[in-house]
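Grab a pencil and work through these short exercises with the model open beside you. Try each task yourself before reading the solution.

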Amino acid sequence: MDISEEEKAAVMKVMESQLLSSLAGKEVENFEKEFAEYIGVKYAIAVNSGTAALHISIASLDIGPGDEVIIPPFTFIATASSLLHNNAIPIFADIDNRSYTLDPESVKKKITRKTKAIMPVHLAGVTANMGPLLDIAKEHNLYLIEDACQSHGAKFNGKRVGSIGDLGTFSFYPSKNMTTGEGGIVTTNSTKLARQCRLLRHHGEPYWYAYNRLGWNYRMTEIQGAIGRIQLKKLDKYIGVRNENAQYMTDALNGIVGIDPPYIPEYCEPAYNYWIGRIHPDIIGLDKDQFISKFPNSKILYPKPLYETKLFQKKIGYPRGCPWSCPFYGKDIDYSKIKLPVVEKVTKEIFALDIFPGISKEELDDNIRIMKNLASK
Ligand SMILES: Cc1ncc(COP(=O)(O)O)c(C=O)c1O
């Protein structure tokens, strides 16, 4: 995260204007226009988190009780919990063994009459394989929601993520490629969905005291909007540095056996959020926990598939069991029986390293030295 004099000045300007809410000022509205233009879509709807962006995206499509949405299990909880909060059922498909994003072949096997959407996650700046996912969505008449919360600026076949599916969602949490402190945004080319998202983030209220649908207060503040406008101007520069740092580590590992750098598929122009490495425990003689304990800078990325966590194993939902025991669902899903071999192996071998702008060359070199040492044990 890089907050400079420019952001501070923009915040002060909002403070002096006394217009702190997006209902009063113009910062959020302008940020939305600028973000939409950057992504290459007609509309952007700013909210107060990436999670809120997911909530309103799903609700805008009228996905709810009894509906299934296919997602990867190698992601942050909000991808799944945003479905549960809309009373919909997350269905996990496996991930690709190299990109760690949703595997289209596994998605095909998970489609049922209840499937309403596919929600791939662009992971740490590496895009999901959108071509086959778009084909599957078209063939089965499903919506495609891009969880791009970690991948601002990444491109799939030349198109920015967030402009490919029906809706895209982004987070502006400080660890992301750009920040507003907390915040999020939805992107879309659909006039109808944009209108619904605007309603949903503001109480379902199109004008004072009219309530046209069940909504939330997910509005972004003017201060966040002002920070976002400055950060957006610097996003391409940030991505350039992130990609350079990532490439520096990848190049240094060339020829090293036992630790793989991230794999970038030919369709992807990355915007690295983290550098994701993979160990081969049989070669380096260490399991992931041992490796991470010897490498203090490394981070655990998703220690287990989401369906193995208590929330899913015990199907903890709303009181009285919704959404899983919802009469509209009429099925009994048992997450304890799910077996997805790729994600179960990947979660035992993956670690993440920082590559944010501002990280020192010494830290990158230190990481490289430690990885080389551990690989040659
Ligand atoms: C893939 C993914 N989806 C959703 C979110 C939620 O974003 P936020 O933390 O802004 O609510 C995150 C945040 O880390 C994320 O990584």
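**Exercise 1. Sort the shell around the ligand by class, then find where its residues come from.**

Step 1: the shell has 5 nonpolar, 8 polar and 1 charged residues. Here Ala, Val, Leu, Ile, Met, Phe, Trp, Tyr, Cys and Pro count as nonpolar, Asp, Glu, Lys and Arg as charged, and the others, Gly among them, as polar.

Step 2: of the 14 residues around the ligand (C-beta atom, placed from the backbone, within 6 Å of it), Ser-49, Gly-50, Thr-51, Cys-149 and Ser-171 come nearest.

Step 3: helix 3 (50-60) and helix 4 (77-85) each give the shell at least two residues.

A quick note on what you're looking at: this is a predicted model, where local features need pLDDT of at least 70, side-chain atom pairs count only at pLDDT 80 or more, and totals for chains, interfaces and linings use all residues. Numbering starts from 1 along each chain as its sequence is written.

**Exercise 2. Work out the strand order in the open sheet of 3 strands.**

Step 1: the order is 7-6-11, with antiparallel pairing. Helices (H or I, at least four residues) and strands (E, at least two) are DSSP runs, numbered from the N terminus, and two strands pair if DSSP finds at least two bridges between them.

Step 2: strand 7 (159-160) and strand 11 (268-269) are the edges, each pairing on one side only.

Step 3: strand 6 (residues 155-156) meets strand 7 over 2 bridges, and Lys-155 has Arg-160 as its bridge partner in strand 7.

**Exercise 3. Is Gln-196 buried or exposed?**

Step 1: find Gln-196 in helix 7 (residues 191-201).

Step 2: Gln-196 is buried because 24 other C-beta atoms lie within 10 Å; the cut-offs are 20 or more for buried, 12 or fewer for exposed, and partly exposed in between, with C-beta atoms placed from the backbone.
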